Amino acid sequence: MNKLLRLLGIIPVAAAVAVSFSACGEHVHKWGDWQRSETEHWRVCKTCKEEQREDHTDAKGNEATYVCDGCAEFKVLAFGFNGGINIDTAHADFAVDANKWFSKTGNELGFIYEYSNTGEKGWVDMNEENIANYDLIMLLNDKPASEESRRVFKDYVDNGGACMAFHAAGFAMWSTPETPPTEWDGWFSNEFLRCGVYGNCPRDKSDGGFDTYWNTWNPTSEPMTIETHEHFSTENLEFDEFISAPCEWYEWYNNLFEDEKTTVLISMNPTPENPAGDDNRPGNLHQVWRGGHHAIAWANSDYNMIYMNWGHNLQSYNDGEEGKQSSTFSSEEQNRFMIEAMFGLTKK
């Protein structure tokens with residue numbers, strides 16, 4: 001279970017989050033991590049060394065150490081697009097990367113990751129019967145789009161269901177933030193994510209002389225600050241700062257730092273000497289941030305959720321056909337935060 005984190009040079013989190021208990025005649029079993037072979041899985045009590053050994057229940061996957069329903073710490077269902085029509089390639093590439101990374105990491109750390117491609121089949125998998133089989137829902141640059149999927153998702157999170165949302169899952173625009181186009185859109189942006197609509201955040205005039213923040217460009221790696229270590233997603237992190245993977249960073253209308261229901265977990269604080277974004281072409285200078293205190297990842301105390309601003313890989317939209325130039329999963333510290341968040345949300 002700790003193999004991948006050791007390879008990444010990261011202190012394992014499993015000891016803190018993957019221990020379960022069951023009653024015994026004289027003591028309570030303190031079970032260690034699941035171990036796996038081609039045909040069975042087992043774990044050992046750290047107190048009395050008793051073994052719990054079972055057969056795999058659903059042999060899927062080509063590696064001998066695959067995770068089955070019986071030995072999984074939790075199950076994830078991710079919704080996103082990496083195929084279909086009118087797909088933005090840089091946003092879609094995040095789902096491609098996520099499917100590879102979360103599947104591999106799940107096999108190492110003991111959780112099951114599955115994916116529903118909304119670009120090809122819409123939101124048919126967001127139904128009550130299906131999502132009851134999962135412990136965590138991920139929104140990979142997408143959010144429920146049909147009336148039924150929206151109802152199901154809202155019922156799910158209203159009843160404590162865990163959700164991790166990324167980047168464009170939060171993207172919303174309408175004429176004024178006070179008058180959203182639908183009740184559901186207003187709830188999702190203002191009550192669930194808390195951030196409101198995309199952009200139009202007042203900007204300090206000293207930051208380039210522009211009126212408002214919208215997004216940065218090009219996607220760049222930036223210094224990030226851990227705002228608090230008093231949250232389950234950050235309490236085990238040994239660092240206060242890290243360098244992110246490249247991303248196009250969004251700003252929001254609502255001030256999350258002043259919202260009593262929001263806990264900002266990670267922030268970005270660009271300066272004139274270290275701006276966010278690097279597009280210095282005339283007409284695009286407003287997309288380079290030289291100031292401000294920007295929320296990057298946060299939690300909402302009313303829901304079992306975390307939003308993370310990253311999810312846009314660097315691809316050239318400016319000068320031709322360079323194609324993919326980065327991965328959202330290239331920052332070890334950023335990856336560590338995501339893992340801590342996943343284990344915390346599913347145990348909460």
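**A nine-stranded sheet and a helix crossing**

In this predicted model, nine strands form an open sheet in the order β7-β6-β8-β9-β16-β15-β14-β12-β13, and their pairing is mixed. The edges of the sheet are occupied by β7 (112-117) and β13 (241-243); each has a single partner strand, so one side of each is left without a neighbour in the sheet. On average, neighbouring strands of this sheet are turned by 20° against each other, direction ignored.

At the β7 edge, the pairing can be followed in detail. Strand β6 (residues 75-80) runs parallel to β7 and is joined to β7 by six bridges. Within this pairing, F79 stands opposite S116 in β7.

The helices offer a second point of entry. Helix α3 (residues 89-109) and helix α8 (residues 332-347) have axes that come within 13 Å and cross at roughly 65°. The crossing of α3 and α8 is right-handed. On the α3 side, the contact is made by W101, F102, T105 and L109, while α8 contributes N335, M338, I339, M342 and F343. Of the residues in this contact, seven are nonpolar, two are polar and none is charged.

These elements belong to a protein chain whose secondary structure comprises eight helices and 16 strands. Of the 348 residues in the chain, 54% are buried. Among contacts in the chain between residues at least 6 apart in sequence, 67% join residues at least 24 apart. The protein chain exposes about 15,600 Å², of which carbon and sulfur atoms supply 47%.

Notes. Residues are numbered from 1 along each chain as its sequence is written. This is a predicted model: local features need pLDDT of at least 70, side-chain atom pairs count only at pLDDT 80 or more; totals for chains, interfaces and linings use all residues. Side-chain values use heavy atoms; hydrogens and water are left out. Axes are lines fitted to C-alpha atoms, for helices over the stretch in contact, and angles run from 0 to 180 degrees between N-to-C directions. Helices (H or I, at least four residues) and strands (E, at least two) are DSSP runs, numbered from the N terminus. A crossing is left-handed if the near helix is turned anticlockwise from the far one by less than a right angle, and right-handed if clockwise. Contact means heavy atoms within 4.5 Å. Ala, Val, Leu, Ile, Met, Phe, Trp, Tyr, Cys and Pro count as nonpolar, Asp, Glu, Lys and Arg as charged, and the others, Gly among them, as polar. Two strands pair if DSSP finds at least two bridges between them. Buried means under 20% relative accessible area, exposed over 50%, partly exposed in between (1.4 Å probe, protein chains only). Accessible areas come from the Shrake-Rupley method with a 1.4 Å probe; for residues, only the protein chains shown count as cover.
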